[in-house]
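I opened this notebook to keep track of what I looked up and in which order. The entries below follow my reading of the coordinates.

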Amino acid sequence: MALVKRGVQVHSTQCSACISGLESTDHLFLRCPFAVDLWNRLWNWCGITPMIFSSIKEMLNYIATTGQCPKRRTTLLSIICGALWGMWRARIDRIFNSKLNSPELVFEGVRALVHAWIKHRHRKGNFVWGNGLNLLSTLCNL
Ligand SMILES: [Zn+2]
């Protein structure tokens, strides 16, 4: 939709994941069933109640102002950036490489990416987590 607004001709404006919505930023990253599935996996992984946002801007504003722990906000922002990157890469794979990635596969990629980001930026080093561990609480309790 952003390209159409700029006068670029595109093959289709439909979402490449669900084929039922216009591929706007908010649809692709928030409303598409693919995105909803991925976000639910990520919120569950973080051990927090699933959140629904109407726009990326609303999501980022919420993260910037929520809670008292700056580590939690930074970690949430890392997770969100990782998720947006993972969804964008999955979209590119669908459109240009005819490769269909499941939300589960994208989730595993986002989790590995965010783990690497946090592990290599974390001052205390030696940061590990296992399945079911509440990442956000762990970081805030260090
Ligand atoms: Zn869609």
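I began with the aromatic rings of this predicted model, and my search returned 4 aromatic pairs in the structure. The pair I examined first joins phenylalanine 29 and tryptophan 88, whose arrangement is tilted, with 6.5 Å centre to centre and 40° between the planes. Because phenylalanine 29 lies in helix α2 and tryptophan 88 in helix α5, I noted that this pair ties together parts that are 59 residues apart in sequence. I then looked up how accessible the two partners are: phenylalanine 29 counts as buried at 11% relative accessibility, while tryptophan 88 is partly exposed with a relative accessible area of 34%.

Next I turned to tryptophan 39 and tryptophan 43, which form an aromatic pair that is stacked, at 5.4 Å centre to centre and with 20° between the planes. Both sit in helix α3, and since they are 4 residues apart there, about one helical turn separates them. I recorded tryptophan 39 as buried at 4% relative accessibility, and tryptophan 43 as buried too, at 0%.

Which residues does tryptophan 43 contact once its neighbours within four places in sequence are left aside? My list reads Ile48, Pro50, Met51, Phe53, Met59, Leu76 and Ile80.

The two tryptophans led me to the largest nonpolar core, which has 31 residues, and of these Trp39, Leu42, Trp43 and Met87 touch the most other members. I wrote down that α2, α3, α4 (56-65), α5 (70-97) and α6 (103-121) each supply at least two residues of this core, and that α3 gives the most, with 8 residues.

One further ring caught my attention, that of phenylalanine 34, because I was checking for charges over aromatic faces as well. Arginine 94 lies over the face of phenylalanine 34, at 5.3 Å from the ring centre.

I then moved to the metal site. What coordinates the zinc ion? I found Cys15 (SG), Cys18 (SG), His27 (NE2) and Cys32 (SG), at 2.1 to 2.4 Å, and along the chain these donors follow the spacing C-x2-C-x8-H-x4-C. The 4 donor atoms subtend angles of 102 to 117° around the zinc ion, and I therefore entered the arrangement as tetrahedral, the cut-off being that all angles lie between 85 and 135 degrees.

To place two of the donors in the fold, I noted that cysteine 18 is in the loop between α1 (2-5) and α2 (25-31), whereas cysteine 32 is in the loop between α2 and α3 (33-46), so this pair ties together parts that are 14 residues apart in sequence. Is each of the two buried or partly exposed? Cysteine 18 is partly exposed, with a relative accessible area of 22%, and cysteine 32 is buried, with 2%; I kept in mind that buried means under 20%.

I finished with the protein as a whole. Its secondary structure comes to 7 helices and 0 strands, and read along the sequence the pattern is α-α-α-α-α-α-α. Of the 142 residues, 39% count as buried. For contacts between residues at least 6 apart in sequence, my last entry is that 53% join residues at least 24 apart.

Methods:
Residues are numbered from 1 along each chain as its sequence is written. This is a predicted model: local features need pLDDT of at least 70, side-chain atom pairs count only at pLDDT 80 or more; totals for chains, interfaces and linings use all residues. Side-chain values use heavy atoms; hydrogens and water are left out. Donors are N, O and S atoms within 2.8 Å of the metal (3.2 Å for Na, K and Ca); water is not among the atoms, so sites may look incomplete. Four donors count as tetrahedral if all angles lie between 85 and 135 degrees; four count as square planar and six as octahedral if opposite donors are over 155 degrees apart and all others between 65 and 115; anything else is irregular. Buried means under 20% relative accessible area, exposed over 50%, partly exposed in between (1.4 Å probe, protein chains only). A nonpolar core is a set of buried Ala, Val, Leu, Ile, Met, Phe, Trp, Tyr and Cys residues joined through side-chain atoms within 4.5 Å. Contact means heavy atoms within 4.5 Å. Rings of Phe, Tyr and Trp (its six-membered ring) pair if their centres lie within 6.5 Å; planes under 30 degrees apart count as stacked, over 60 as edge-to-face and the rest as tilted. A charge sits over a ring if NZ of Lys or CZ of Arg is within 6 Å of the ring centre and within 35 degrees of the ring normal.
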